[in-house]
Amino acid sequence: MNVTYKMSDRLVWIATVFLFSSITIFESYTWGKYILILACLFILFVDVLEGKAKYHYTIGAYHYFMCILTVYTFLSSIWGISVKDSLTKTFTYIQILICMSIVYNHFNKFDNVTPLIEVVKWSSYVISIYSIMYYGLNFVISMMTSGVRLDNSYSNINTIGMLAAFGIIIQIDDILREKKIGLETIFCVPAFMMAIATQSRKALLMMVIGILLVLISRNLSSGKLVRNIIKIIIIIVIALLVLKTLSGMEIFSGINQRMEYLVAMFTGKGEIGNSAMLRQQLIDLGIEMFKKHPILGIGIGCPHIIAGQVLNFDAYLHNNFIEVLAGGGIIGFLLYYGAYGYLIVKFYKLRKMGTKIYSLCIILLLICLFREYAMVSIYDKSTYFYFMIYFMEVDKLKQIKRRKTNVVISR
């Protein structure tokens, strides 16, 4: 079904950029959720108006996943160490389910998820520009050149850096896919500035790995194994040379030091750094929680309580795998990461139906999975926006397969 992009759709797209950007910009404000609600109500109003007072909705695997996660979180309040924390997360998931379902229903009418991918890209640019205005251009530049990272003033600085990295990855894929450089490419500059100014190891690794995977995926040729292997080797060698050159620049000095801390944490050699040491303590503590409550965990949203009691540091465990195991146990882990398993399996099985944005969706999915080693994303609203995109892409691939099957049968 080919749906024309009308003016109302453009207004909804702008509202969705605003919605997704607001998740980060208004993260620290208690009234931030009302901004999201207003954006969703606007989208709902437009769709009801377009449907002449009728609202058409779709229920798919994404909705089942969100419902299962919400129900399990609610049930975990029964055995969890804090009823309040688990119930708070339950209400948050209900809000996410309602808001994302409204967005899902609107964008599901299009043939592909490109409009939603563009939402992520432009939200990346909006937040990068907003951050530069918030901190001040001169201050951001001074942080870049001095190797000192920005503070968490209005939002988590790692979140800003990672979203900036997403925008750059998507823009490079646009250039390679469309084989042209658009004017919007200039917005990669503020995004790159924020990725560096945040001094986020996760953002840098995501950006490097993402760009590398995009370059590889967009340069592979079907049925030409030897040529593809040679291309991959050349791309990796060039990437390593570029990274070696960039790492010697002053603006990367802060990230270089933080990377050395990360390597030291794994090898046991060299200075670890206070941040990396605390991260490891949180992970070790989470493993101990899991060992004591392996099946059901101590309640979704509750591990920070034990961290506050034991380490005197009331925070989530800085590792989503451990956070989910500690809070939800093996059952919670399987429920949450079952979504990743489902998506990866479906993407593989439907690979021959691939849309033009198919490879980028896989890359972003793998990056999201990769980043969970160094952050807690199960409570992050943006996580479920990304999930929505991936589940919708799978739905589009299924539709393509059904159409092709029907064509064959009709013949």
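These legends go with a few views of a predicted model.

**View 1. The whole protein is built from helices, with no strands.** There are 16 helices to trace here. Out of 411 residues, 50% count as buried. Take the contacts with a separation of 6 or more, and 79% of them are between residues 24 or more positions apart. On the outside, the protein exposes about 20000 Å², with carbon and sulfur atoms supplying 68% of that area.

**View 2. Close-up of the largest cavity, about 90 Å³ in volume.** The structure holds 3 cavities of 30 Å³ or more. Lining the largest cavity are Leu19, Ile23, Lys33, Leu36, Ile37, Gln95, Ile96, Cys99, Met100 and Lys381. The elements giving two or more residues to this lining are α1 (7–25), α2 (32–50) and α4 (83–107). Of these, α4 has the largest share, with 4 residues. Sort the lining by class and you get 7 nonpolar, 1 polar and 2 charged residues.

**View 3. Close-up of the second largest cavity, about 70 Å³ in volume.** Look for Thr24, Thr159, Met162, Leu163, Phe166, Arg371, Asp380, Ser382 and Tyr386 around the second largest cavity, since these residues line it. Two helices, α7 (157–178) and α16 (381–410), each supply at least two residues of the lining. The most comes from α7, which gives 4 residues. By class, the lining of the second largest cavity breaks down into 4 nonpolar, 3 polar and 2 charged residues.

Definitions and conventions
Residues are numbered from 1 along each chain as its sequence is written. This is a predicted model: local features need pLDDT of at least 70, side-chain atom pairs count only at pLDDT 80 or more; totals for chains, interfaces and linings use all residues. Side-chain values use heavy atoms; hydrogens and water are left out. Buried means under 20% relative accessible area, exposed over 50%, partly exposed in between (1.4 Å probe, protein chains only). Contact means heavy atoms within 4.5 Å. Accessible areas come from the Shrake-Rupley method with a 1.4 Å probe; for residues, only the protein chains shown count as cover. On a 1 Å grid over the protein atoms alone, a cavity is a set of points where a 1.4 Å probe fits but cannot get out, and a pocket is an open set with protein on both sides within 12 Å along at least five of seven lines; lining residues have an atom within 4 Å of a point. Grid points are joined across faces, edges and corners, and a volume is the space filled by probe spheres set on the points. Ala, Val, Leu, Ile, Met, Phe, Trp, Tyr, Cys and Pro count as nonpolar, Asp, Glu, Lys and Arg as charged, and the others, Gly among them, as polar.
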